[in-house]
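Colleague: I am new to this one. Can you take me through it piece by piece?

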Amino acid sequence: MKNFFLNQLFLVLAALIITTFSLRANVKLPLIFSSNMVLQKGVANTIWGWADKSENVGISLNGKVIKTKAEKDGKWSAKLPVMDYGGPYTLKVKGKNLIEMNNVMIGEVWLCSGQSNMQFPVSLTDNAKEEIANATYPNIRLFSVPREMAQFPLDQLEKGEWSSCSPETVSDFSAVGYFFGRKIHQDLHVAVGLINASWGGTTAETWISSETIKKDTDFLEKWNDLQKMEWTNNTSPEKIHINKILGEIPLKDNGIKLGFNQAKFDDSGWKTVQSPMLWEKQGYVALDGVAWYRKSFELTKEQASSNLQLSLAKIDDIDTCWVNGVAVGNSGKSYIERKYEVPASILKEGKNVIAIKITDTGGYGGIYGKNDELFALAGDTKISLSGDWKIKFSEVVIRNATANPNDYPTLLFNGMINPIIPYGIEGVIWYQGESNAYRAAQYQRLFPSLITDWRNHWKIGDFSFIWVQLANFMKPAQQPSESKWAELREAQTMTLKLPNTGMASAIDIGDANDIHPRNKQEVGRRLALNALKVTYGKDMVSQGPMYSSVEFKNSKAIISFTNTGSGLMVKDPYGYVKGFAIAGADKKFYWAPARIIGNNQVEVISEEVPVPSAVRYGWADNPHDVNLYNREGLPANPFRTDN
């Protein structure tokens with residue numbers, strides 16, 4: 001028997017030892033590292049991953065070996081040797097196991113990010129069939145970051161791998177990213193790696209890290225809420241909001257079953273609201289569904305012996321009313337006054353109880369109107385019912401059951417950007433702003449904050465950051481007017497004050513009826529022109545004419561421009577410059593004729609404005625007729641001289 005127990009003990013120990021060794025972690029890499037990738041030329045690229053605590057890790061590339069060791073938490077990192085353009089190479093990472101990545105190139109790596117116009121695929125662009133068929137570029141490499149929201153910064157992507165650009169791989173890739181990368185590849189004759197991390201309809205703040213966004217008072221409350229919640233991708237701010245107000249989310253009305261309509265029901269635990277007053281004005285903001293109202297009133301024996309008239313002001317939207325447990329009326333029209341007759345047979349001397357089931361289908365809810373419209377009329381005696389009523393929400397409609405990236409700041413930085421930091425990049429191209437278009441003043445600080453935030457996290461200096469200025473969109477204005485999209489374009493222009501930045505105008509290649517213009521080839525080309533100058537130092541014109549100064553003289557406005565290249569030009573067979581508006585001290589703008597004078601100036605004049613004080617150009621959601629360019633074919637940037 002003793003030997004039997006010893007044998008059993010030996011088997012258990014052996015199993016534990018085997019299990020312990022089998023649980024040892026293999027060396028792992030972030031998914032941003034894989035075969036077919038491009039590593040950034042000319043920098044000591046960081047490579048990182050996970051292994052067992054204190055495990056030795058060896059990395060080899062192009063005959064050079066780097067050794068490192070995992071920390072106590074299992075994380076490790078190392079710097080790869082600085083290399084010039086070239087490849088293909090094999091990158092090996094060895095610990096307890098061996099990871100081998102083949103067909104690795106050293107070239108130029110760009111992160112492509114933003115909202116739907118960056119996400120917009122090659123398959124939907126102009127001449128898509130031809131573009132896809134001709135997309136055989138084995139030294140352009142593509143990586144798509146899966147769309148993922150996260151409450152806190154993630155270390156790893158859910159999936160992803162690098163692929164060589166081909167007709168089979170390019171179709172669903174970012175069109176702007178691809179056309180940009182193709183131009184860089186063709187001009188520099190080097191390998192280009194493109195990382196697409198974009199999500200349609202997203203705001204800038206969701207792409208910014210906690211370290212930065214929590215310093216902005218506009219977003220601090222939302223950020224604090226995110227830190228404290230039990231987060232899943234099924235968490236919606238609407239659910240969080242309802243929980244805050246009610247402490248629970250009632251999903252199905254059981255009021256009648258529970259006796260809410262009965263006189264003897266104990267409502268002492270219910271909350272109190274004032275009526276008549278909509279419940280939104282009493283803290284129950286944005287709640288739709290069913291709520292029960294209850295109130296008691298006193299009748300004398302004489303008053304209870306005759307029919308009673310009940311006036312309940314107005315109710316939004318649908319109501320059914322009980323008195324002492326008996327239904328006395330209902331209505332489904334929120335804008336009419338409720339007047340119900342209560343028969344004497346259900347009335348009592350002393351305490352009588354009104355119960356109202358109110359169904360709010362959307363918008364505001366509750367009893368509303370004037371105080372003197374809420375009463376019970378017993379004979380000639382008016383008994384006021386205004387004041388305190390008991391309330392209980394028994395069903396709440398949740399319209400947005402799942403979270404979306406704009407619910408809270410940082411969600412996409414955490415889920416899509418943090419997992420690829422600090423993978424070596426040359427720069428970022430960015431196409432976003434439509435979703436912030438109605439907060440342009442805020443964007444003036446938000447967008448520069450995003451750029452600075454990313455640079456701080458990558459810790460490789462002020463890498464290039466180049467963006468697309470919003471394209472012309474929506475119905476063209478018939479008269480000069482204010483424009484939120486023009487203000488957002490202005491905020492984008494102001495961000496050029498940051499070092500190593502560039503902007504590609506799309507003011508002339510949009511679509512009035514489609515927020516996603518299909519000519520992404522020209523967008524990519526203009527971004528690439530900026531990169532060739534800003535990043536790669538090419539002596540070239542990369543942007544259209546930019547407003548420099550204005551002089552008001554003899555009823556005229558003389559506008560001076562920079563970035564005029566070999567001179568200003570107008571795309572009009574008759575030489576008319578369109579898109580200008582001029583105003584006097586009254587700030588009333590009029591369309592104004594304009595003409596080019598010299599290589600870098602435009603003269604604007606209007607009979608309606610004898611003493612001009614302000615000029616605008618392209619100042620509209622869709623300035624469809626702007627036609628001022630430099631001779632290099634790049635459009636003039638919209639601007640205003642007033643503020």
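Modeller: Gladly. Helices and strands here are DSSP runs, numbered from the N terminus; a helix needs at least four residues and a strand at least two. Keep in mind that this is a predicted model.

Colleague: Let me start with one residue. Where is the place of N134?

Modeller: Look at what flanks N134. On one side is α3, residues 128-133, and on the other is β8, residues 137-144. N134 sits in the loop between α3 and β8.

Colleague: Does N134 count as buried, exposed or partly exposed?

Modeller: Buried means under 20% relative accessible area, and exposed means over 50%. N134 has 48% relative accessibility, so it counts as partly exposed.

Colleague: What distance separates the C-alpha atoms of N134 and A512?

Modeller: Along the chain, N134 and A512 are 378 residues apart. In space, their C-alpha atoms are separated by 30 Å.

Colleague: Now the open space. Which element gives the most to the lining of the largest pocket?

Modeller: The largest pocket holds about 350 Å³ of space. Its lining has 17 residues, and S144, V145, D172, F173 and N196 lie nearest its centre. The elements giving two or more residues to this lining are β8 and β10 (192-198). With three residues, the element that gives the most is β8.

Colleague: By class, how many residues in the lining of the largest pocket are polar?

Modeller: Take the other classes in turn. The lining of the largest pocket has five nonpolar and five charged residues. The polar residues number seven.

Colleague: What about enclosed space? What volume has the largest cavity?

Modeller: The structure holds three cavities of 30 Å³ or more. The second largest cavity has about 40 Å³. For the largest cavity, the volume is about 80 Å³.

Colleague: Which elements give two or more residues to the lining of the largest cavity?

Modeller: Residues lining the largest cavity include M503, A504, R526 and N530. By class, its lining has five nonpolar, six polar and one charged residues. The elements giving two or more residues to it are β24 (501-504) and α12 (520-534).

Colleague: How many residues in the lining of the second largest cavity are nonpolar?

Modeller: Among the residues lining the second largest cavity are Y431, F473, W485 and D514. Two of the lining residues are polar and two are charged. The nonpolar count is six.

Colleague: D514 is on that list. Does D514 count as buried, exposed or partly exposed?

Modeller: D514 lies in the loop between β24 and α12. Buried needs under 20% relative accessible area, and exposed needs over 50%. D514 has 24% relative accessibility, so it counts as partly exposed.

Colleague: Which residue has its backbone nitrogen 2.8 Å from a polar atom of the side chain of D514?

Modeller: A polar contact needs a pair of N or O atoms within 3.5 Å. The side chain of D514 has a polar atom 2.8 Å from a backbone nitrogen. That nitrogen belongs to H516.

Colleague: On to α4. How many of its 14 residues are buried?

Modeller: Helix α4 covers residues 175-188 and reaches 20 Å from its first C-alpha to its last, close to the 20 Å expected. Its buried residues include A175, F179, R182 and L188. α4 is mostly covered, with a buried count of 11.

Colleague: Which residue caps the N-terminal end of α4?

Modeller: Start from the backbone nitrogen of G177. A side-chain oxygen lies 3.0 Å from that nitrogen. The oxygen, and with it the cap, belongs to S174.

Colleague: And strand β3: which of its side chains are buried?

Modeller: β3 spans residues 56-61, and its side chains alternate between two faces. N56, G58 and S60 point to one face and are not buried. Pointing to the other face, and buried, are V57, I59 and L61.

Colleague: In β4, which residue is the bridge partner of N56?

Modeller: β3 pairs with β4 (residues 64-69) in the antiparallel sense over six bridges. The hairpin has two residues between the strands, and N62 takes a positive phi near 50° there. Opposite N56, the bridge partner in β4 is K69.

Colleague: Which residue in β6 stands opposite L61?

Modeller: β3 also runs antiparallel to β6 (residues 86-94), joined by four bridges. In β6, L61 faces L91.

Definitions and conventions:
Residues are numbered from 1 along each chain as its sequence is written. This is a predicted model: local features need pLDDT of at least 70, side-chain atom pairs count only at pLDDT 80 or more; totals for chains, interfaces and linings use all residues. Side-chain values use heavy atoms; hydrogens and water are left out. Buried means under 20% relative accessible area, exposed over 50%, partly exposed in between (1.4 Å probe, protein chains only). Two strands pair if DSSP finds at least two bridges between them. On a 1 Å grid over the protein atoms alone, a cavity is a set of points where a 1.4 Å probe fits but cannot get out, and a pocket is an open set with protein on both sides within 12 Å along at least five of seven lines; lining residues have an atom within 4 Å of a point. Grid points are joined across faces, edges and corners, and a volume is the space filled by probe spheres set on the points. Ala, Val, Leu, Ile, Met, Phe, Trp, Tyr, Cys and Pro count as nonpolar, Asp, Glu, Lys and Arg as charged, and the others, Gly among them, as polar. A polar contact is a pair of N or O atoms within 3.5 Å; within protein, one must be able to donate a hydrogen and the other to accept it, and residues adjacent in sequence count only if both atoms are side-chain atoms. The expected span of a helix is 1.5 Å times one less than its number of residues.
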